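Thank you for making time this morning. I would like to take you through one structure, beginning with its aromatic rings and ending with a few strands.

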Amino acid sequence: MAEGNWTRVNEFILMSFSSLPTEIQSLLFLTFLVIYLVTLLGNSLIILVTLADPMLHSPMYFFLRNLSFLEIGFNLVIVPKMLGTLIAQDTTISFLGCATQMYFFFFFGVSECSLLATMAYDRYVAICSPLHYPVIMSPRARAKLAVISWFPGIPVATVQTTWLFSFPFCGSNKVNHFFCDSPPVLRLVCADTALFEIYAIIGTILFVMIPCLLILCSYTCIAAAILKIPSAKGKHKAFSTCSSHLLVVSLFYVSLSLIYFRPKSNNSPESKKVLSLSYTVVTPMLNPIIYSLRNNEVKNALSRTFHKALGLRNCIP
């Protein structure tokens, strides 16, 4: 419906990977479907095992369980619709559906940045103040830290999504991405968005870069503490307790930086789609794998859980 010199948009079209041949899209569908199922299974196992095994009731695994919840939510927001665009060519998404997808994308993304910083702080306390660790990371304290980690996603997602979708949109409703991310949707706006873009930059600094700096500070202190340990065995043990988290943080921030902090001239829409897959699809799948393969406690807990399940099954007449 025309209003003045702009058109009210009731739905958007996700261009996704429509420029690729049908055979390639079918192959991508199968690949992403497998990754999606592995992500859901892996993160669900982490949640179940860290809840069921008493040996994994420490603060580190409490935060890991929260991370797995975030990764599952992150995937549920983006991947099912992407799979639909690939196999059923269902590229349309309603105005409300697009806003909802963007809201939860921001919510889970910001919450993950905060949670990764909280997990780095947990490792800092464990290595630099081991005697005070049980007191500092008491059940009440870690519950508060988890709430603090999840909370920033709510105001950021609410303000950014509400503000962006209150703008008038031009006649074109084609979003050149596989989900409703802010930059491609913003290109369809028929209004001055300078103030919104300043807000987006400030939000990125506050809720993405500051957590990253806190993580760097934590690991600088951790590295200094590890170097003071006299024995090589002690150094290896201390490093092994935080190596999985450090690898997860590296994967998340490197992929995020390649999208949002490269010069615009180097960012073609197709390259952004491919790079976006790294933190929206691939990283959530790798996180439980990293923690399972690089952490003996998780591997042993998984083994105990499977043995218990098989033992119970064998007892059934």
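What follows is a short walk through ring pairs, a charge over a ring, and strand pairing.

Please keep in mind that this is a predicted model, in which local features need pLDDT of at least 70 and side-chain atom pairs count only at pLDDT 80 or more, while totals for chains, interfaces and linings use all residues. Residues are numbered from 1 along each chain as its sequence is written, and side-chain values use heavy atoms, with hydrogens and water left out.

Rings of Phe, Tyr and Trp (its six-membered ring) pair if their centres lie within 6.5 Å, with planes under 30 degrees apart called stacked, over 60 edge-to-face, and the rest tilted. By this rule there are 24 aromatic pairs. In one of them, the ring centres of Phe 105 and Tyr 279 are 6.4 Å apart and the planes stand at 40 degrees, so this pair is tilted. Because Phe 105 belongs to helix α3 (residues 95-128) and Tyr 279 to helix α10 (residues 269-293), the pair ties together parts that are 174 residues apart in sequence; helices here are DSSP runs of H or I, at least four residues, and strands are runs of E, at least two, numbered from the N terminus.

Are these two rings buried or exposed? Buried means under 20% relative accessible area, exposed over 50%, and partly exposed in between, with a 1.4 Å probe and protein chains only. Phe 105, at 6%, counts as buried, and so does Tyr 279, at 2%.

Turning to the strands, β3 (residues 11-14) pairs with β4 (residues 92-94) in the antiparallel sense over three bridges, and with β5 (residues 174-175) in the parallel sense over two bridges, where pairing requires that DSSP finds at least two bridges.
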